[in-house]
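This report is meant for a reader who meets the structure here for the first time. It takes up a strand and its partners, a second sheet, some loop residues, a pocket and a set of ring contacts.

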Amino acid sequence: MDKFFSGQFLFVGLLFAGLALYPLFGSSYGLDLVSKIMIYAILAMSLELLVGSTGLVCFGQAAFFGIGAYIAVLFSPESESASLLWLLPASILAAATYALFVGALSLRTKGVYFIMVTLAFAQMAYYVVHDTKLGGGTDGIYLYFKPILGSVIDLNDAKVLYFFTWVFLVWTFVFLAILLRSHFGRVLAGIRINEQRMRASGFSTYPYKLAAFTTSGGIAGLAGFLFAVKDGFVNPEMMSWHLSGALLIMIILGGLGHLRGAIIGAFAFVFLQEFFKSPAIFGDFAKHWQLGLGLTIIACVALLPKGLVGLPEVLRKRLYGSRQPRDAQVVLK
Amino acid sequence: MAETLLKGSGITQRWGGLVAVNKVSIELERGTVHAVIGTNGAGKSTLINILSGEFPPTEGQIQLLGKDATHWSQAKRARQGLGRSYQRNTIFPDFTVFENCRLAAQAQVQRPWVWWNDAQKCKQSVEAANRALELSGLTEVKERFAGLLSHGQKRQLEIAMCLAIQPEVLLLDEPLAGMGAEETDRMLKLLANLKQGHAILLVEHDMDAVFKIADRITVMVNGSVIASDTPDQIRINPDVQTAYLGGH
Ligand SMILES: Nc1ncnc2c1ncn2[C@@H]1O[C@H](COP(=O)(O)OP(=O)(O)OP(=O)(O)O)[C@@H](O)[C@H]1O
Ligand SMILES: [Mg+2]
């Protein structure tokens with residue numbers, strides 16, 4: 001366990017350090033892109049808590065993201081900046097509350113039904129912002145004055161926003177890493193592998209799953225808040241099932257069951273997307289970027305069944321043949 | 001006067017037209033092994049499932065430690081002192097043997113809101129797990145991944161995980177299935193050892209083992225109890241002879 005943690009933290013520590021230094025040389029386009037990826041990474045980690053850690057395949061994560069975003073915009077005054085102090089908690093709380101509601105109902109179902117019910121609740125939220133005046137319809141709504149915290153934090157500044165996002169990326173990772181090794185996290189792992197046995201041992205699994213679902217929704221709301229503030233704009237597409245699906249692909253691509261997999265997956269997904277969308281590389285074919293992206297993802301998943309986090313292991317096997325690494329031999333003896 | 005820890009009365013389970021368990025009453029006393037035997041499909045596992053609260057019976061009442069537990073959830077029954085093992089392994093193959101037991105033991109000291117504490121450092125569950133491993137003779141392999149154990153060891157772990165929650169009543173569904181002679185002996189020693197403090201319900205097909213260890217035997221055929229008595233009486237019971245023990 002300790003070894004697992006040190007390996008994970010070394011890699012992620014280097015990644016976070018790199019991200020912290022990036023604004024020193026990154027272009028403003030690059031800064032915006034990396035901000036976006038960091039937000040997706042937070043969002044993907046929130047989904048990883050459900051899918052990879054608890055075994056709950058939620059297909060409606062975009063709803064909680066969208067609610068966090070819409071609250072940030074709708075609750076901001078029109079002609080001045082809102083205070084971060086209450087706007088950010090409001091976003092998180094609203095998303096977590098909807099997650100509590102969705103979870104309370106959907107967690108009574110299992111398997112495919114759970115997937116469909118979470119999707120249905122996400123579509124409900126989508127249509128509320130899509131078809132009513134409240135959400136500004138398909139056009140979305142603009143956020144002209146980004147939230148501030150006194151004179152300390154002004155999110156209108158792209159660099160400040162970048163570091164603000166970075167702090168929450170690190171916070172989310174550390175929080176979830178600690179959570180997952182706590183009593184609570186171990187129960188989630190047990191539920192993922194064998195819920196029946198957990199009940200037979202004396203765990204009422206439903207409240208545990210509901211707490212995980214609500215926590216996940218709250219973190220997704222945080223990501224939504226950051227996204228709305230970064231873009232200064234929200235529209236219903238933020239809540240569409242396309243995003244929920246893309247998030248699932250990110251965590252599978254990165255490697256289910258690992259927090260860092262969600263971060264790696266978010267980077268890989270967005271980079272691949274940018275790559276195949278680039279007219280400079282693909283010319284006219286860039287219009288069909290989804291084809292290239294799709295095929296690459298299929299190839300990745302086929303070649304790396306454990307996702308990108310499994311890449312070092314696959315390479316090691318290639319290099320040293322099928323020889324077992326030393327500690328595996330001890331275990332197998 | 002023996003102390004009755006678990007009591008099921010008039011338990012019936014119907015699935016459509018099938019009566020899997022038919023008006024079965026059973027009592028488990030502290031310090032005894034109560035064996036339930038019967039042919040395949042007699043309803044033994046279904047009875048255990050109902051007693052442990054896996055699903056509610058069509059009819060019947062259950063008392064656990066003198067309290068009406070008919071409407072208690074499975075988790076609550078477990079927390080009140082009822083442990084069960086499954087006919088098919090339900091261990092966590094990706095966890096170490098130790099962590100399998102520690103996680104089970106954690107059920108007795110649940111503190112999910114203390115999210116910053118490392119579960120591996122939870123003293124109560126670590127101690128309970130170590131005790132359960134010691135009792136069931138798995139201490140030597142505690143750091144191994146459960147999925148890599150031999151079949152017999154997996155069955156032992158299945159029991160160890162029950163013991164980790166420190167139950168008073170044990171419902172064991174075919175703990176000896178698929179075990180070699182040596183492993184069977186070890187398991188029987190463990191059961192004899194556990195008998196003192198616990199009330200044990202043992203479902204088992206291995207008749208030699210059952211007659212060796214049971215204090216009382218209930219025989220089920222097609223969901224109904226046809227006899228319930230001491231091993232000596234069961235051995236000479238003509239109904240049991242014809243219905244079940246026939247060739248034995
Ligand atoms: N969930 C279920 N739905 C419908 N029928 C069931 C269900 N579970 C068990 N049965 C049926 O109930 C009967 C009793 O099954 P049970 O598993 O209790 O038998 P058993 O005595 O444990 O047999 P074995 O010795 O093979 O383990 C069988 O006919 C079985 O097919
Ligand atoms: Mg059975």
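Two strands are said to pair if DSSP finds at least two bridges between them. The model described here is a predicted one, and that should be kept in mind throughout.

**A covered strand in chain B**

Under that rule, strand β3(B) is joined by five bridges to strand β9 of chain B, residues 216–221, and the two run parallel. Within this pairing, Ile37(B) stands opposite Val219(B) in β9(B). Strand β3(B) also pairs in the parallel sense with strand β8 of chain B, residues 199–203, again over five bridges, and there the bridge partner of Val36(B) is Val203(B) in β8(B).

How many residues of strand β3 of chain B are buried? The strand covers residues 32–38, and seven of its seven residues are buried. In a regular strand the side chains alternate between the two faces of the sheet. On one side of β3(B) are Thr32(B), His34(B), Val36(B) and Gly38(B), on the other Val33(B), Ala35(B) and Ile37(B), and both faces are covered, since the residues named are all buried.

**An open sheet in chain B**

Chain B also holds an open sheet of four strands in the order β2-β1-β4-β5, with antiparallel pairing. Strands β2 (18–29) and β5 (67–68) of chain B stand at the edges, and each has a single partner strand, so one side of each is left without a neighbour in the sheet. Strand β1 of chain B, residues 4–15, is joined to strand β4 of chain B, residues 59–64, by five bridges, and these two run antiparallel; in this pairing Leu6(B) stands opposite Leu64(B) in β4(B).

**Loop residues in chain B**

Most residues other than glycine have a negative phi, and most peptide bonds are trans. Leu65(B), which is not a glycine, has a positive phi of about 50°; this residue is found in the loop between β4 and β5 of chain B, and with a relative accessible area of 29% it is partly exposed. Glu174(B), also not a glycine, likewise has a positive phi of about 50°. Its place is the loop between β7 (169–173) and α6 (181–195) of chain B, where Glu174(B) is buried, with a relative accessible area of 8%.

Thr70(B) lies in the loop between β5 and α2 (74–79) of chain B, and its relative accessibility is 11%, which means that Thr70(B) counts as buried, the limit being under 20%. From Thr70(B) to Leu82(B) the separation is twelve residues in sequence and 13 Å in space, taken C-alpha to C-alpha.

**The second largest pocket**

The second largest pocket holds about 710 Å³ of space. Its lining is made up of 27 residues, and those that lie nearest its centre are Tyr40(A), His242(A), Leu243(A), Ala246(A) and Gln273(A). Several elements of chain A each supply at least two residues of this lining, among them α2 (28–54), α8 (205–231) and β4 (233–234), while α9(A) gives the most, with seven residues. By residue class, the lining divides into 16 nonpolar, seven polar and four charged residues.

**Aromatic rings and charges**

Over all chains, the count of aromatic pairs comes to 23. One of them, between Tyr22(A) and Phe25(A), is edge-to-face, and another of that kind is formed by Phe64(A) and Phe213(A); the table gives the values of these two pairs.

| Aromatic pair | Centre to centre | Angle between planes |
|---|---|---|
| Tyr22(A) and Phe25(A) | 5.5 Å | 85° |
| Phe64(A) and Phe213(A) | 5.8 Å | 85° |

The pair of Phe64(A), in helix α3 (residues 61–74) of chain A, and Phe213(A), in helix α8 of chain A, links distant parts of the chain, 149 residues apart, and both of these residues are buried. Together with Tyr98(A), Phe101(A), Phe114(A) and Phe121(A), they form one aromatic cluster. In the other pair, Tyr22(A) counts as buried at 19% relative accessibility, whereas Phe25(A) is exposed, with a relative accessible area of 63%.

Charged ends also sit over rings in chain A: that of Lys230(A) is 5.3 Å from the centre of the ring of Phe227(A), and that of Lys277(A) is 4.6 Å from the centre of the ring of Trp289(A).

Key. Residues are numbered from 1 along each chain as its sequence is written. Chains are lettered from A and ligands numbered from 1 in the order in which they are written. This is a predicted model: local features need pLDDT of at least 70, side-chain atom pairs count only at pLDDT 80 or more; totals for chains, interfaces and linings use all residues. Side-chain values use heavy atoms; hydrogens and water are left out. On a 1 Å grid over the protein atoms alone, a cavity is a set of points where a 1.4 Å probe fits but cannot get out, and a pocket is an open set with protein on both sides within 12 Å along at least five of seven lines; lining residues have an atom within 4 Å of a point. Grid points are joined across faces, edges and corners, and a volume is the space filled by probe spheres set on the points. Ala, Val, Leu, Ile, Met, Phe, Trp, Tyr, Cys and Pro count as nonpolar, Asp, Glu, Lys and Arg as charged, and the others, Gly among them, as polar. Buried means under 20% relative accessible area, exposed over 50%, partly exposed in between (1.4 Å probe, protein chains only). Rings of Phe, Tyr and Trp (its six-membered ring) pair if their centres lie within 6.5 Å; planes under 30 degrees apart count as stacked, over 60 as edge-to-face and the rest as tilted. A charge sits over a ring if NZ of Lys or CZ of Arg is within 6 Å of the ring centre and within 35 degrees of the ring normal.
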